[in-house]
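User: Hi! I am new to reading protein models. Could you take me through this one step by step?

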Amino acid sequence: MTVFSELTHTTVWRAVFDIARPKFSVVLADIRISLLHHKDLVEKQANLLHFAEFRKQHEVSELRFRQQEKVEIQREKMEALEWLAMTPIETMPAGDQEYYASKRKDYPVSGQWLSSCHVYQEWIDPQTTHISCIWLNGKPGTGMGL
C-alpha cells in the first residue's frame, strides 16, 4: 500500500505541476525580464558613479598639475633672476667688486628704465605665470647696461 500511495502522491503532484506549469512559466518569464531591467539600471548607475569618480580624479590631477606648473615657472624665474644678479662677492676675483661698484657710481641711473617697464614688471611678478621669457635688446653703450 505504501508504494501505491507514493505513486499516487507523485502522480498527483506531477499533474498539479503540469497544470500550473504554463502559469509558472509566465510568472518566471516576467521575473526574468524584471531582473534584466534591474540589472540594466544597476549597471547604468554604476557607470554614472564611475564617471563621477573619474571626473573628480581628473579635476584633482589637473589642479596638482597646475600647482606644479606654477611652482616650476616660479623656480625658473628665480633661477633666471639669480643668473642675472651680480656675482656674489665671495666668488668674484679680487678687485672686481670695487671696480663694478665704482662703475655703478659713475652711472647711477643706468638700467632704471628696466624696472619701470611694464613688460619687465609683469615678468618679475611671482603671480604672473604666462610669461616665461623676456627678451632685451639694444645697441651697445646706449644705457642698456644694468
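User: How many helices and strands does the chain have?
Analyst: Happy to help! This is a predicted model, in which local features need pLDDT of at least 70, side-chain atom pairs count only at pLDDT 80 or more, and totals for chains, interfaces and linings use all residues. Residues are numbered from 1 along each chain as its sequence is written, and side-chain values use heavy atoms, leaving out hydrogens and water. Helices (H or I, at least four residues) and strands (E, at least two) are DSSP runs, numbered from the N terminus. Along the sequence the pattern reads α-α-α-α, and the count is four helices and zero strands.

User: What share of the residues in the chain is buried?
Analyst: Buried means under 20% relative accessible area, exposed means over 50%, and partly exposed lies in between (1.4 Å probe, protein chains only). The chain has 146 residues, and the buried share is 8%.

User: Is Leu28 buried or exposed?
Analyst: Leu28 sits in helix α1, which covers residues 2-84. Its relative accessible area is 54%. Because the cut-off for that class is over 50%, Leu28 is exposed.

User: Which residue is linked with Glu62 and Glu69 in a network of salt bridges?
Analyst: Side chains of opposite charge can pair when their charged atoms come close. A salt bridge here is a side-chain nitrogen of Lys or Arg within 4 Å of a carboxyl oxygen of Asp or Glu. Glu62 is bridged at 3.0 Å, N to O, and Glu69 at 3.4 Å between the closest N and O atoms. The residue joined to both is Arg66.

User: How many residues apart are Arg66 and Glu69 in helix α1?
Analyst: Both are partly exposed: Arg66 has a relative accessible area of 38%, and Glu69 has 35%. About one helical turn separates them, because their spacing in helix α1 is three residues.

User: How far apart are the closest N and O atoms of Glu79 and Arg75?
Analyst: These two residues are four apart in helix α1, so about one helical turn separates them. Glu79 is partly exposed at 44% relative accessibility, and Arg75 is partly exposed at 37%. They form a salt bridge, with the closest N and O atoms at 2.1 Å.

User: How many salt bridges does the structure hold?
Analyst: We have already met the pair Glu79 and Arg75, as well as the network of Glu62, Arg66 and Glu69. For the structure, the number of salt bridges is five.
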